[in-house]
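Trainee: Before we talk through this model, could you show it to me and explain the terms as we use them?
Mentor: Gladly; here it is, and we can begin with a definition.

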2 protein chains.
Amino acid sequence: MATTGGAGRPEKRKAITRAATTVFGREGYVRASMDAIAAEAGVSKRTVYNHFADKETLFLSVALQNSAELTERIRELMAKYLDRVVDLRRDLTDFAVERANAVLSAGEHGALGRAIRAEVANIPVDVLEAWLEAGPVASQRDLAQHFAALSGRGLLAVEDGELAAEQFTLLTFHGVAERSFWGALPVASEEVERIATAGVDAFLRIHGGPGAGRPAG
Amino acid sequence: MATTGGAGRPEKRKAITRAATTVFGREGYVRASMDAIAAEAGVSKRTVYNHFADKETLFLSVALQNSAELTERIRELMAKYLDRVVDLRRDLTDFAVERANAVLSAGEHGALGRAIRAEVANIPVDVLEAWLEAGPVASQRDLAQHFAALSGRGLLAVEDGELAAEQFTLLTFHGVAERSFWGALPVASEEVERIATAGVDAFLRIHGGPGAGRPAG
DNA sequence: GTCTATACAGGGATAGAC
DNA sequence: GTCTATCCCTGTATAGAC
């Protein structure tokens with residue numbers, strides 16, 4: 001898909017995609033140079049062009065891959081915190097904190113998302129839609145299903161799972177994302193926890209079930 | 001501040017800042033060229049460098065100016081909708097819609113905000129802080145004061161005005177900002193209204209006063 | 001036969017010179 | 001206002017090395 005043939009050794013290709021993720025995430029699409037990516041990967045520039053037709057193809061390829069990986073990582077967090085809920089407020093808060101850390105972790109996954117958001121006007125619409133579908137949209141759908149399940153168990157009173165998932169994400173995540181500029185600047189972990197706590201509190205006031213009162217204190 | 005002397009005619013300078021806002025907003029910092037800005041302004045490139053020391057100085061200058069202008073525009077919207085409230089739900093919704101349109105309007109103000117967010121890792125921290133203070137932070141403070149006043153009148157039950165302002169912005173604005181990638185892609189006005197309506201509804205469930213029940217229907 | 005290293009053509013950018 | 005010095009980047013080509 002959008003690569004050049006099947007030639008080349010797989011371990012080289014992996015080193016290239018890994019390096020491209022790092023450099024694109026750090027420098028952004030325009031500033032990142034193919035020389036820097038080749039150096040970061042420890043391969044010659046010719047090898048990079050042997051695996052990927054051009055810079056744009058490489059960027060879009062790692063963007064889609066990264067998006068899918070991040071969705072899977074978030075899926076694991078949902079399974080960890082939202083499948084077997086005992087203390088809903090606490091589990092929602094822990095999930096919110098860990099998701100924010102996962103998505104906005106300084107150098108890794110989140111940084112490429114920032115590069116994509118910066119280049120969105122220059123990305124072909126079909127690729128952008130594929131990126132959305134593999135990433136944010138998929139995560140939102142997963143979360144909606146968990147909320148629907150929790151509603152079925154009487155722990156939440158959610159009418160529209162999609163709306164609830166969107167509002168949960170806005171209240172617990174986007175405040176952190178905005179403050180950190182999608183991972184470009186560090187945010188203190190206490191701040192992440194504060195936002196998650198306040199966000200979950202607000203979320204439960206909107207969608208909380210009968211047993212979701214506020215904690216004492 | 002951060003410009004080159006006071007030389008040059010004021011109308012030329014205005015044409016340059018206006019052109020720079022347009023081109024930086026459209027192309028982003030790296031892709032925008034000083035040639036394109038000079039052409040857009042209808043002046044020679046020498047004139048641009050006569051007013052602004054270099055590309056970075058020009059960018060940061062228009063960024064700060066744009067941030068302050070947008071804050072003022074939002075301030076006017078607050079005065080229009082939140083000073084003399086008769087129907088709180090409706091006024092909050094109208095404010096949310098107009099603010100989203102103002103900030104994310106395709107080519108004008110909002111586009112530069114996207115360029116700044118993309119370049120945040122390359123902006124000096126003091127300039128970034130000045131930009132935040134003149135823009136998002138100031139607007140948030142203004143909104144917090146309005147919510148506190150509405151609370152004093154018994155129309156809201158807000159404990160922490162800052163928190164309420166942040167949650168209002170998240171619930172009614174950031175969903176649109178994310179969908180449009182901060183104005184890079186168009187969002188249907190029905191979608192903006194839908195998000196504003198659902199966001200205000202959620203906001204009033206969190207912070208609504210005694211008389212803020214949901215509308216019939 | 002893939003990889004490394006290096007060099008190079010072509011284009012475009014900034015910033016300054018005339 | 002045009003012209004240009006200097007630099008950097010993409011993508012290709014030309015060598016040889018495991």
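Mentor: This is a predicted model, and the first term to settle is the salt bridge, for which a side-chain nitrogen of Lys or Arg must lie within 4 Å of a carboxyl oxygen of Asp or Glu.

Trainee: Why is the meeting of Arg117(A) and Glu178(B) called a salt bridge?
Mentor: The N to O distance between the side chains of Arg117(A) and Glu178(B) is 2.8 Å, and because the cut-off is 4 Å for an Arg nitrogen and a Glu carboxyl oxygen, the pair qualifies. Between chain B and chain A the count is 6 salt bridges, and there are 8 residue pairs in polar contact, both residues being at pLDDT 80 or more.

Trainee: Which helices make up the side of chain B that touches chain A?
Mentor: Helix 6 (109–118), helix 7 (125–134), helix 9 (161–179) and helix 10 (189–207) of chain B each supply at least two residues, and helix 9 gives the largest share, with 9 residues. By class, that side of chain B has 17 nonpolar, 4 polar and 9 charged residues.

Trainee: How much area is buried between chain B and chain A, and how many residues does each chain bring to the contact?
Mentor: About 2800 Å² is buried, of which carbon and sulfur atoms give 62%, while the contact takes 30 residues from chain B and 30 residues from chain A.

Trainee: Turning to the DNA, what makes the approach of Lys45(A) to DNA strand D a polar contact?
Mentor: An N or O atom in the side chain of Lys45(A) is 2.8 Å from a base oxygen of DNA strand D; a polar contact needs a pair of N or O atoms within 3.5 Å, so this pair meets the definition.

Trainee: Which residues of chain A have a polar atom set against a phosphate oxygen of DNA strand D?
Mentor: Among them are Met34(A), with a polar backbone atom 3.0 Å from a phosphate oxygen, and Tyr49(A), with a polar side-chain atom 2.9 Å from one.

Trainee: What does the surface near DNA strand D consist of by class, and which helix of chain A gives the most to it?
Mentor: That surface has 3 nonpolar, 2 polar and 6 charged residues, and helix 3 of chain A gives the most, with 3 residues. Helix 2 (34–41) and helix 3 (45–51) of chain A each supply at least two residues, and the residues around DNA strand D also include Ser44(B) and Arg46(B).

How values were computed
Residues are numbered from 1 along each chain as its sequence is written. Chains are lettered from A and ligands numbered from 1 in the order in which they are written. This is a predicted model: local features need pLDDT of at least 70, side-chain atom pairs count only at pLDDT 80 or more; totals for chains, interfaces and linings use all residues. Side-chain values use heavy atoms; hydrogens and water are left out. Contact means heavy atoms within 4.5 Å. Buried area is the accessible area (1.4 Å probe) that two parts lose on being put together, summed over both. A polar contact is a pair of N or O atoms within 3.5 Å; within protein, one must be able to donate a hydrogen and the other to accept it, and residues adjacent in sequence count only if both atoms are side-chain atoms. Helices (H or I, at least four residues) and strands (E, at least two) are DSSP runs, numbered from the N terminus. Ala, Val, Leu, Ile, Met, Phe, Trp, Tyr, Cys and Pro count as nonpolar, Asp, Glu, Lys and Arg as charged, and the others, Gly among them, as polar. A residue is near a molecule or strand if one of its heavy atoms lies within 4 Å of it.
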